[in-house]
Structures are given as C-alpha cells and as structure tokens.
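This report concerns strand pairing in one protein model. The sequence and structure are shown first.

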Amino acid sequence: PHKLELRDPKQDYYQLVDEKFVPTEGKQQTYSLKLKAGQVSGWVVDEYGNPLRGTRVYLRIIKTSFSPGKAKALADASGRFSIDAAPGNYTLWAEISGHEVNKIERGGAKLQAFTISKETHFQDIYVHMHESPSVLRFSSIHPADAVVYVNGSMVNYRQPVQVKAGKIQIEVRHQNYQTRSISLDLAPQEDKLIRETIKLEP
C-alpha cells in the first residue's frame, strides 16, 4: 500500500483537490492544492432599494499573505454578489455607470476594513448606490447681481452646481428686471456649460 501526504506550509490554508493516488512506475504525477478561501457576499441596491444588476464589486487588499486572484464579482439580477477571497484584510468597493457608492453597511453599521479567514463566510453586506450627480455651469449672467434658482433652490451661479439628472428648471431673478426661465434635460454625470450670457430684460 502507498500513502500520499502533502504538507501545507501555511498552517492548513490549502486542501488537496484530487485525493486519488495511484502510483505508476516511471511516471511523474502532479497534484494540486486549492486555497481554503473565505467568502464575502451581500447585495447592491440603489437609493430606492432596487437591485443594481451588473454592478462590479471589488475587494481592495490591505494585507494578505496569498495571491488574491481576481477578488471581484458582478451583482446578479437580485443585486446579490459573492466573492471568494484569500485570508487577509480588505475593504469593499463597487462601480456601475451612472451611480456611485453612497454607503456600505453590515448589520446596520458602516463597514470599513474587515478580515477574512479561511473557510469563513462574511455575509449580509449592503452596498447602497445613488445616481451620480450632473454638473451645471454658467458662463455669465447680466446683471451680475441677479439671483439664480435651480429646481426651486437658490444657487451660487459662479460655482459649478451639482444637480440630479433629468429635467432642470432654471430661473434668473432680479428686482429691477423680468424673470427669465430656462428648461434643460441633463443626462447622468453630464457636465453642462451654458455658454451664452443670460441677459435679463428691464
């Protein structure tokens, strides 16, 4: 009888993929070891609680003694993701076009750095995303002391104005001039410059 023993130099972090051992005279045999990975899982949702399918979820490495592999996943139709990860310390991040991370939680508390150990399941993570803001810029306004409102809120028109994508209503007001209204449609993450000078009539 023969016995094959493969010793793990990293404290039992690996397991034998194929335990069959049939010695063959004059033939070299190769056996593989598989990392006993931990698992990170959870859901990605938008600001309304709807799943965001196709969101790319990443593990960012702080410290690990192992090759991390790809350490990423895509959220499925229910918004769920699952990543196998080598033992180590990580943070989590997510990306999808038109949205950005608002907060990442686990058990109702903000999730920051966390530790993954072998064969453990770090689950019930919620990644909350919201729509990326669009930006509205004004070249100039006459008279210069006019007051600008965007969707009913007064803004400093000399600075870039962040707004939610969609229909935008602009009003330029001055006590000695007629109010001027402008309507725009902005796409998510659009950077819109109003190049013309907005002039108010007396």
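The paragraphs below describe an open sheet and then a further set of paired strands.

The model is predicted, so local features need pLDDT of at least 70 and side-chain atom pairs count only at pLDDT 80 or more, whereas totals for chains, interfaces and linings use all residues. Residues are numbered from 1 along each chain as its sequence is written, and side-chain values use heavy atoms, with hydrogens and water left out.

Three strands (DSSP runs of E, at least two residues, numbered from the N terminus) form an open sheet in the order S16-S12-S19, with mixed pairing. Strand S16 (161-163) and strand S19 (191-194) each have a single partner strand and stand at the edges, so one side of each lacks a neighbour in the sheet. From one strand to the next, the twist averages 25 degrees, the axes being lines fitted to C-alpha atoms and the angles running from 0 to 180 degrees between N-to-C directions.

Pairing requires that DSSP find at least two bridges between two strands. Three antiparallel pairs are listed here.

| Pair | Bridges | Opposite residues |
|---|---|---|
| S12 (residues 134-138) and S16 | three bridges | Val135 and Gln162 |
| S8 (residues 99-106) and S11 (residues 121-131) | seven bridges | His99 and Glu131 |
| S8 and S9 (residues 109-110) | two bridges | Arg106 and Ala109 |

Strand S8 thus appears with S11 and also with S9. With S9, strand S8 forms a hairpin that has two residues between the strands. Gly107 lies in that turn and has a positive phi of about 65 degrees.

Key: Helix = DSSP H or I, 4+ residues; strand = E, 2+ residues; numbered from the N terminus.
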